[in-house]
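Please look at the model below before reading on. The paragraphs that follow take its helix contacts and its internal spaces in turn.

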Amino acid sequence: MINLLSNLKIQVPDKIYIKDPESSDLGKRIIQHSILLIEEIGFDSFTFKKLGTKIGSNESSIYRYFESKHKLLLYLTSWYWAWIEYQLVFATFNMPDKQEQLYRAIDVVTKTIEEDVAFSHINEVVLNKIIINEYSKSYLTKEVDSENKEGYFVVYKRLISRLSDMISNVNEDYKYASSLASTIVEGALHQHFLKEHFSSITDCNRDITPTEFFKELTIKAIS
């Protein structure tokens with residue numbers, strides 16, 4: 001899988017950025033260090049000026065790639081979901097047992113993330129923490145409907161649709177496949193957050209993973 005992914009370019013909707021950050025060394029450093037800085041100080045405190053200081057570049061050079069930090073967050077979240085989608089496709093390809101395929105898909109979208117050496121400028125473990133803590137800020141905005149029409153969330157919605165199809169393949173009579181699929185993906189982020197910060201209101205811990213919870217929830221719901 002590493003060899004396959006190393007030959008792939010994660011596709012992010014091109015309307016999100018002004019210049020593709022993957023096209024230059026500076027662009028890759030912007031992505032690399034924005035991930036580290038957002039994790040360090042939080043998205044609300046993050047600015048292009050602080051990022052420019054971190055990478056030794058003018059603030060204006062970052063604006064050549066992204067028109068705002070909101071667009072940068074959209075890029076990071078879209079990249080993450082596209083990366084998860086690639087893993088899901090590879091992990092479930094050509095599996096004849098539909099329930100086992102669904103289990104494997106739930107594994108991919110709910111697991112604790114490990115770093116992928118195929119993308120040296122992106123620390124997926126740190127990016128996952130940003131997704132858990134900051135993802136909702138990418139869409140809980142006044143502009144969400146117009147941005148949705150522009151296709152900014154197409155990768156995320158495609159991932160949900162893939163999972164929804166797998167649920168329907170196990171039980172075609174189940175009426176809530178899309179709702180369940182989005183609950184699994186969003187709920188996994190929430191359970192990981194609770195496990196880290198509010199452990200008294202989740203059963204997930206060192207012994208019980210969000211993956212186990214959502215597998216049991218899913219199978220009981222669609223049986």
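**Helix packing and internal spaces**

Helix 5 crosses helix 7 in a left-handed manner. The model that shows this crossing is a predicted one. The angle between helix 5 and helix 7 is about 115°, and their axes lie 10 Å apart. Angles of 65 to 115 degrees count as roughly perpendicular, and helix 5 and helix 7 are therefore described as roughly perpendicular to each other. On the side of helix 5, the residues in contact are L73, L76, T77, W79, Y80, W81 and W83, and they meet E124, L127, N128, I130, I131 and E134 of helix 7. Sorted by class, this contact of helix 5 with helix 7 holds 9 nonpolar, 2 polar and 2 charged residues.

Helix 5, which spans residues 69–92, also packs with helix 6, which spans residues 98–110. Here the angle is about 155° and the axes are 9 Å apart. An angle over 145 degrees counts as roughly antiparallel, so helix 5 and helix 6 are roughly antiparallel to each other. The crossing of helix 5 with helix 6 is right-handed. In this contact, I84, Q87, L88, A91 and T92 of helix 5 meet Q101, R104, A105, V108 and V109 of helix 6. The class counts for the contact of helix 5 with helix 6 are 6 nonpolar, 3 polar and 1 charged.

Another partner of helix 5 is helix 2, made of residues 25–41. These two helices pack at about 100°, with 11 Å between their axes. That angle makes helix 2 roughly perpendicular to helix 5. From helix 2 come I31, S34, I35 and I38, which meet L72, Y75 and L76 of helix 5. In the contact of helix 2 with helix 5, 6 residues are nonpolar, 1 is polar and none is charged.

The next topic is enclosed space. How many cavities of 30 Å³ or more does the count give? The count comes to 2. The largest cavity holds about 70 Å³ of space. It is lined by 13 residues, and those closest to its centre are Y80, V109, K111, N128 and L189. Helix 5, helix 6 and helix 10 are the elements that each give two or more residues to this lining. Among the contributors to the lining of the largest cavity, helix 10 gives the most, with 4 residues. By class, that lining consists of 9 nonpolar, 3 polar and 1 charged residues. Y80 of helix 5 and N128 of helix 7 also appear in the contact between those helices, and V109 is part of the contact of helix 6 with helix 5.

The second largest cavity has about 40 Å³ of space. Its lining is made up of T77, S78, W81, Y135, S138, Y152, F153 and Y156. Helix 5 gives the most to the lining of this second largest cavity, with 3 residues. The lining of the second largest cavity divides into 5 nonpolar and 3 polar residues, with no charged ones. T77 and W81 are also among the residues of helix 5 that meet helix 7.

Last comes the largest pocket, which contains about 290 Å³ of space. Of the 13 residues lining this pocket, N128, K129, I132, H192 and E196 are the closest to its centre. Two or more lining residues come from each of helix 7, residues 124–134, and helix 10, residues 177–197. The lining of the largest pocket is divided into 4 nonpolar, 5 polar and 4 charged residues. N128 is thus named for the pocket, for the largest cavity and for the contact of helix 5 with helix 7.

Technical notes: Residues numbered from 1 in each chain as written. Predicted model: local features only at pLDDT ≥ 70, side-chain atom pairs only at ≥ 80, totals over all residues. Heavy atoms only, no water. 1 Å grid on protein atoms, 1.4 Å probe; cavity = no way out; pocket = protein on both sides within 12 Å on 5 of 7 lines; lining within 4 Å. Points joined across faces, edges and corners; volume = space filled by probe spheres on them. Nonpolar A, V, L, I, M, F, W, Y, C, P; charged D, E, K, R; others polar. Axes fitted to C-alpha atoms, helices over the stretch in contact; angles between N-to-C directions. Parallel < 35°, antiparallel > 145°, perpendicular 65-115°, else oblique. Left-handed = near helix turned anticlockwise from the far one by under 90°. Contact = heavy atoms within 4.5 Å.
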